[in-house]
Number of protein chains: 2
Amino acid sequence: MRVTIAEVAQRAQVSKATVSRVLNGKPDVDAATAARVRQVIADVGYVPSARAVGLARGRARTVGMLVPSLTWPWTGEVVQGAVDELEAEGYGLLLYTVNRGTESLSQFASHVSAKAFDGLLVIEPPDTLSYIETLHDQGLPVVMIDDRGSRPGFPSVSTTNREGAQAAAQHLVAAGRRGFAVVTGPANFGCVRERLDGFLDALGDAGVHVDPRLVVEGDFGTDRGAVATEKLMATGLRFDAVFAHNDLSALGVMRALTAAGRKVPDDVAVVGFDDIPIAAHAELTTVRQPMREMGEAAARLLLSRLEGAAPSREPVVLPTALVVRRSG
Amino acid sequence: MRVTIAEVAQRAQVSKATVSRVLNGKPDVDAATAARVRQVIADVGYVPSARAVGLARGRARTVGMLVPSLTWPWTGEVVQGAVDELEAEGYGLLLYTVNRGTESLSQFASHVSAKAFDGLLVIEPPDTLSYIETLHDQGLPVVMIDDRGSRPGFPSVSTTNREGAQAAAQHLVAAGRRGFAVVTGPANFGCVRERLDGFLDALGDAGVHVDPRLVVEGDFGTDRGAVATEKLMATGLRFDAVFAHNDLSALGVMRALTAAGRKVPDDVAVVGFDDIPIAAHAELTTVRQPMREMGEAAARLLLSRLEGAAPSREPVVLPTALVVRRSG
DNA sequence: CTGAAAGCGCTTACAG
DNA sequence: CTGAAAGCGCTTACAG
């Protein structure tokens, strides 16, 4: 039989209320009494039932986390950062995926209604921003890890997409590159616009102009990165540097260049964005997004809200860092 | 204010007990009454409080999952498989890591005591097998995803380490290789013994003998894979194929060979184990472990235990598959 | 077929 | 400083 607060109370010769007070560190408990209760707790190895505490208090010391899929290269990092931070405060992390589409989402929604968690951490799944916004407006504390430049109307954590792209441009210019091409991500992503603007602006400041025909759209996937690169080469325009909006497409860029007999970095430099594990292996120069730190920051933000802090509308922005490797 | 069962009962002109019966699909409810209750539930959008249901029933429809770290190449796959399966049954997944060492583990332990979840899925963290065994013996339903060949005394899911290694050997022999070297994982891992045995046995069957000096121990890391390869080359013995016990060390093997001017696969073939994402990018031939499927199988096993099935001591073993790429 | 009541294991005013 | 009692929102015998 599991030991309950009633048993502890009886053994310590006090009421359940007093045991509860000791448990929760409330003032106004006689020192000797408290010591006795603590002794009994230790002796019987009593741990309060999470469910009962949650029901009585109306809060579960649990947060939910909704992610698109765990098989993306960097979701693990973000989740790890969040778990570490939450765990340190004794919070549990309920994990939800939208891997199975609508069905996943309705499961998730019912857990929301069931008040299975106190607050929500979310990496925006495709086309879900307005739903998340609704949850926030209905009073659920939400913090979003924003890797797309969505700038939601509630607390979020993002990175310096613009400055990261600027750093990439400056680095390439300093390395003597003069002909620039860009393989972007999906045009409707905020981060894509920010990365493109930062890159072009920095080049402009350096007096370099980019031919619009050398800016082609990718989809953040490796194959489309390769296809985009073939398009770039088909223009017949000269370029000696390609900035890809993420690492996966940069890998496609490298593949297509190599296949066409162009050496990386001798003929063409390639720079990516993200710094996923494969980037190091492929010796890809890239703009690192601090995924782990973003997960941590998001968790801290949510925790402070749960402890009563007011939600800040301004996103927390973490700095990117240029990681120079062989490719550019 | 949140809508409770009391409100539903009142609106439907029945008792809370009846609402509960309808909610849980119990028999013996008048059809008309049930319909009326269901209508009210739909109208007010009522969803039972997970905490209250959990407390009353003594079970939470939540399972815990303990993993060493989420930043390993394949943990994401395993967790994703588990989440998908659990979600389909309406179960939640509480995620725990031992990323912060002892502190993480004690946090985890207190959640166990607090009965925060009904059952546990675990990827064995270093040196924790006996602790997990204790939990199982104390009555907590546990299923382990066994990637190390630990063969615990409770339900587990593993792969065909032996057969996978055999397939690798047969493939290399068929490709005409004759001088074999092995970079193993840590010697105390069961999977390492199985992979070594399978490999050597298959070679033996093909009439090939392996010089013991060409079997060196690695630690499943890339750097040690490279160091091990340097040792292999330093023996002065000839070899034209290396079997590494996991992909990360296989990458180190490839790096060291290339650095020494030996071409892969022309001079030396390299085969790994796991099939992590980088393997495809590195064009590494490898033995694929079905991580996703292992997560799914483990979840199904745990679910069936929670529904009352008896624990099976025999591990569920999923087949590996040889993935042939350029390296070997 | 249905309801009143007790119980799950805590917390929290309210008295004293 | 401490206890009796109500309450958190359900489920489950027990009656009828």
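How far from a phosphate oxygen of DNA strand D does a backbone N or O atom of Ser49(B) lie? The separation for Ser49(B) is 3.4 Å. The points below set this contact in context.

1. Status of the model. The structure is a predicted model, and the remarks that follow apply to that prediction.

2. Relation of the two protein copies. Chain A is superposed on chain B by a rotation of 180°, with 0.0 Å of shift along the axis and an RMSD of 0.1 Å. The two copies are therefore related as by a two-fold rotation axis. Within chain A, the C-alpha nearest this axis belongs to Leu94(A), at 2.3 Å. Both copies use the same surface, since 100% of the contact residues of chain A recur in chain B.

3. Extent of the protein interface. In chain A, 48 residues are in contact with 48 residues of chain B. The two chains bury about 3900 Å² between them, and 58% of that area is on carbon and sulfur atoms.

4. Polar and charged pairs across the interface. Between chain A and chain B, 20 residue pairs are in polar contact. There are also 2 salt bridges across this interface. One of them joins Arg100(A) to Glu87(B), whose closest N and O atoms are 3.1 Å apart.

5. Elements on the side of chain A that touches chain B. Those giving two or more residues are α4, α5 (75-88), β2 (92-97), α6 (102-113) and α12 (277-281) of chain A. The largest share, 8 residues, comes from α5(A). By class, this side of chain A has 20 nonpolar, 18 polar and 10 charged residues.

6. Surroundings of DNA strand C. There are 28 residues around DNA strand C, and those that come nearest are Ile5(A), Ser20(A), Tyr46(A), Arg21(B) and Thr33(B). Of the strand C atoms within 4 Å of the protein, 66% belong to sugar or phosphate, the rest being base atoms.

7. Phosphate contacts of DNA strand C. Chain A contributes a polar side-chain atom of Asn24(A), which lies 3.2 Å from a phosphate oxygen of the strand. From chain B, an N or O atom in the side chain of Thr33(B) is 2.5 Å from a phosphate oxygen, while Asp30(B) places a backbone N or O atom 2.9 Å from a phosphate oxygen. The elements giving two or more residues to the surface near strand C are α2 (16-23) and α4 (50-57) of chain A and α2 (16-23) and α4 (50-57) of chain B. The residues of this surface divide into 12 nonpolar, 8 polar and 8 charged.

8. Surroundings of DNA strand D. Around DNA strand D there are 28 residues, of which Arg21(A), Thr33(A), Ile5(B), Ser20(B) and Tyr46(B) come nearest. Sugar and phosphate make up 66% of the strand D atoms that come within 4 Å of the protein.

9. Phosphate contacts of DNA strand D. Thr33(A) has a polar side-chain atom 2.5 Å from a phosphate oxygen of strand D. In chain B, a polar backbone atom of Ile5(B) is 2.6 Å from a phosphate oxygen of the strand, and the backbone contact of Ser49(B), raised at the outset, is at 3.4 Å. For the surface near strand D, α2 and α4 of chain A, together with α2 and α4 of chain B, each supply at least two residues. That surface comprises 12 nonpolar, 8 polar and 8 charged residues.

Notes: Residues numbered from 1 in each chain as written. Chains lettered and ligands numbered in written order. Predicted model: local features only at pLDDT ≥ 70, side-chain atom pairs only at ≥ 80, totals over all residues. Heavy atoms only, no water. Least-squares fit on C-alpha atoms with pLDDT ≥ 70 in both. Contact = heavy atoms within 4.5 Å. Near = heavy atom within 4 Å. Polar contact = N/O pair within 3.5 Å; in protein donor to acceptor, adjacent residues only side chain to side chain. Helix = DSSP H or I, 4+ residues; strand = E, 2+ residues; numbered from the N terminus. Nonpolar A, V, L, I, M, F, W, Y, C, P; charged D, E, K, R; others polar. Buried area = accessible area lost by both parts, 1.4 Å probe. Salt bridge = Lys/Arg side-chain N within 4 Å of Asp/Glu carboxyl O.
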